[in-house]
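The following exercises concern charged pairs and one helix. Please work through each task with the structure at hand before reading its solution.

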Amino acid sequence: MLLIKNINDLTSNKNMQVILGSGGAIGVDLARELKKYTGKIRLASRNPVKINTDDELVTCDLIKSDDVDKAVEGCNVAYLTAGLEYRLKTWQIQWPLIMKNVIAACKKHKTKLVFFDNIYMYHPDKLSLMTEETAISPASEKGKVRAEIAQMVLNEIKTGKLEALIARAADFYGPNITNSVFNEVVIKKLKAGKKANWFCSISHLHSFTFTPDAALATALLGNTVNAFNQVWHLPTAAPITGKEWIEKVAKELGVELKTQVASKLIIKIFGLFNPIMKEFVEMLYQWDRDYNFDSSKFETVFKMKPTPIDEGIKKAVQAGAQITF
């Protein structure tokens, strides 16, 4: 399928585009990438901060319908890139409400929606090769929430009342990401001369999406006419093992490679005392088997290759950045 950019919209002064949840790992890079397509960018979050000097800032709580309506009003494209507290109850309560508000606002203002998604809704048995056609069959409670909100978007697409797309990424890494598991258990540990940590097994393949690639691709999709009304996997390099990921970070840092692997039992015990570890237990199936995220559809259509892993690791480490889940 040949995709054609909507040049008329891209060059129009009326081409306002809004990032809902602009302070997250993808939102910052996305704001920069959108400058290629429009001079009118609106950043909406509880505490928005300018990324480009001419960004328009809108204070917005995504669980409040009036806030979302005001943030979306007058925009051609809305990008939902928000991240919530990693807590099941928060996800169950807030994600459906946020998606309901965003869909309603986009339909009201005839705004296209780009939903930045993850792969939690895929079944554990399907992780060895994930494509856009992989069946939605979540095994975790968080996965059920992600499946629900993705289906809300797909249902609206089917009615023809909403023009939208879903852009999915694997676990991701890149420069200038904060509050990261990988930073704490691998980069910081290795920098301190300690052992890097991993989960379940370092022998399995694991895909990570480089955040600058994800932002570039998301902006491109949002400004491409025929990209809408379908699911896309964002460009992601072929997976390597956990051991190889840690080796590459150690090599870039110039430190001795030392590793320890936390078993499921150990993580469950940690979960008795650590709320984040408790929430993480149900997602451990992503670490005890191969996790291969295929982005060949995007790469073929747009003739774009993901950043090589060695180059991505170099940029992430040089920026003091981390890999996030």
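**Exercise 1.** Determine which residue forms a salt bridge with Lys35, and what parts of the chain the pair ties together.

*Solution.* In this predicted model, the partner of Lys35 is Asp54, and the closest N and O atoms of the two are 2.9 Å apart. Next, locate both residues: Lys35 lies in the loop between α2 and β2 (41–45), whereas Asp54 lies in the loop between β2 and β3 (56–59), so the salt bridge ties together parts that are 19 residues apart in sequence. Finally, consider accessibility. Lys35 has a relative accessible area of 34% and is therefore partly exposed. Asp54, with 42%, is likewise partly exposed.

**Exercise 2.** Establish where the salt-bridge partners Arg32 and Asp29 lie, and classify each as buried, partly exposed or exposed.

*Solution.* Begin with the distance: the closest N and O atoms of Arg32 and Asp29 are 3.2 Å apart, within the 4 Å cut-off for a salt bridge. Both residues belong to helix α2 (residues 27–34) and are three residues apart, about one turn of the helix. For the classification, buried means under 20% relative accessible area. Asp29 has 15% and therefore counts as buried. Arg32 has 44%, so this residue counts as partly exposed.

**Exercise 3.** Identify the helices that hold Lys142 and Glu279, and state whether the two residues are buried or exposed.

*Solution.* Lys142 forms a salt bridge with Glu279, with 2.9 Å between the closest N and O atoms. The pair links distant parts of the chain, as Lys142 is in helix α5 and Glu279 is in helix α10, 137 residues apart. Both residues are buried. To place these pairs in context, a search of the whole structure finds 20 salt bridges. Elsewhere, Asp125, Lys264, Asp288 and Arg289 are linked in a network of such bridges.

**Exercise 4.** Describe helix α4: its span, its kink and what covers its buried residues.

*Solution.* First, the span. Helix α4 (residues 88–109) has 22 residues and reaches 31 Å from its first C-alpha to its last, close to the expected 32 Å. Second, the kink: a bend of about 30° lies at Gln94, shortly before Pro96. Third, the buried residues of α4 include Trp91, Trp95, Pro96 and Met99. Their covering includes β1 (17–20), β5 (112–117), α5 (141–159) and α10 (275–280). Lastly, just after α4, Lys110 takes a positive phi of about 55°.

Methods:
Residues numbered from 1 in each chain as written. Predicted model: local features only at pLDDT ≥ 70, side-chain atom pairs only at ≥ 80, totals over all residues. Heavy atoms only, no water. Helix = DSSP H or I, 4+ residues; strand = E, 2+ residues; numbered from the N terminus. Expected span 1.5 Å × (residues − 1). Bend = angle between axes of the 7 residues up to and from the residue. Buried < 20%, exposed > 50% of the residue type's maximum accessible area, 1.4 Å probe, protein only. Contact = heavy atoms within 4.5 Å. Salt bridge = Lys/Arg side-chain N within 4 Å of Asp/Glu carboxyl O.
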